[in-house]
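I opened a fresh notebook page for this one. My plan is to start with the whole chain and then zoom in on one residue.

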Amino acid sequence: MNAKTTLEAINVGIAAIQLLSNLGLDFNRVKGVIDKARAEGRPVSQEELDTLANEAQASINNARNA
Amino acid sequence: MNTVQQQRWANIVGVIVLLAALLGFEITDEQKGALITVFSLIGLVINQYFGERLKNEPAVVEESPLVNRQQGSAKIAALVFAMLASILAVGITTSVGCANTAIVQVQPRNMSEGLALAYSAISHIAGDVAILKQGGLITNEDANEILDELQSMYDDLGRIRALPVSEGELQLASLEAILRQLQIEILRRKGALE
């Protein structure tokens, strides 16, 4: 395994780890919002939706600038 | 097949098994965690075994600078593999899970929950696009194409929120279509990683 292949393997591995972290964080967060709303017997509030919407737009903008 | 080649193949097979366990099989997160932990341990044992064998081949190492360099690379690769396998095992077992299972687990019961999930899915996929761009695993053109689609979905969600409640069925149908598109984006992203 030469240095280039090793480097590529490391890059793929790091990307995989980051993707998994991203998955866990995002869905844990929205699950928390939904679970809280259900526990309180109400729909997800407009404020909570606004926050999630702002985060979604920020993520899109960040990805464009990455 | 010499020791370096055996070790190299062991690493390749290990990485393939790990990626397959991560991306391919329809199994639960707990099963994925257990599977990857087992293979991580096997990988550590294999690498330790080959590492010991490499130490016991001084004659070849001394006679050939090329083989010496290959064995050095193989040792580094073995360490990297073992490290990544361990980190992945920890990451999988501690993470609640991948998008497919998360979306299935959190079934929206009403409009606001569907919107929350859709916004979260957009954030998630945009974050993944950024990671893939930074890792050089996706071209800028492909990334921009996905981001344009995400922006379009985001705008659609804003319009759906503004619709009157009486059009709830239409809203739900639109949301369902958007969530399906988002899931396709997740699968496409996984394909880019493979």
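First I looked up how chain B's contacts are spread along the sequence. Counting contacts between residues at least 6 apart in sequence, 72% join residues at least 24 apart. I'm keeping in mind that this is a predicted model.

Next, the elements. I found 8 helices and 0 strands in chain B. Read from the N terminus, the order is α-α-α-α-α-α-α-α.

Then I checked the surface. Chain B has 194 residues, and 42% of them count as buried. Its accessible surface comes to about 10,100 Å², with 61% of that belonging to carbon and sulfur atoms.

Now for a single helix. I picked helix 7 of chain B, which covers residues 140-162. How far apart are its end C-alpha atoms? I got 33 Å, and this agrees with expectation because 23 residues at 1.5 Å a residue should span 33 Å.

I also listed the buried residues of helix 7 of chain B. They are A143(B), I146(B), L147(B), L150(B), Q151(B), M153(B), Y154(B), L157(B) and I160(B).

Q151(B) got an entry to itself. Is Q151(B) buried or exposed? Its relative accessible area is 18%, and the cut-off for buried is under 20%, so Q151(B) counts as buried.

Last lookup: what does Q151(B) touch, leaving aside its neighbours within four places in sequence? I noted Q57(A), I60(A) and R64(A) as its contacts. So my page ends with a residue of helix 7 in chain B that is buried and in contact with those residues of chain A.

Technical notes
Residues numbered from 1 in each chain as written. Chains lettered and ligands numbered in written order. Predicted model: local features only at pLDDT ≥ 70, side-chain atom pairs only at ≥ 80, totals over all residues. Heavy atoms only, no water. Helix = DSSP H or I, 4+ residues; strand = E, 2+ residues; numbered from the N terminus. Buried < 20%, exposed > 50% of the residue type's maximum accessible area, 1.4 Å probe, protein only. Contact = heavy atoms within 4.5 Å. Expected span 1.5 Å × (residues − 1). Areas by Shrake-Rupley, 256 points an atom, 1.4 Å probe, with all protein chains shown as cover.
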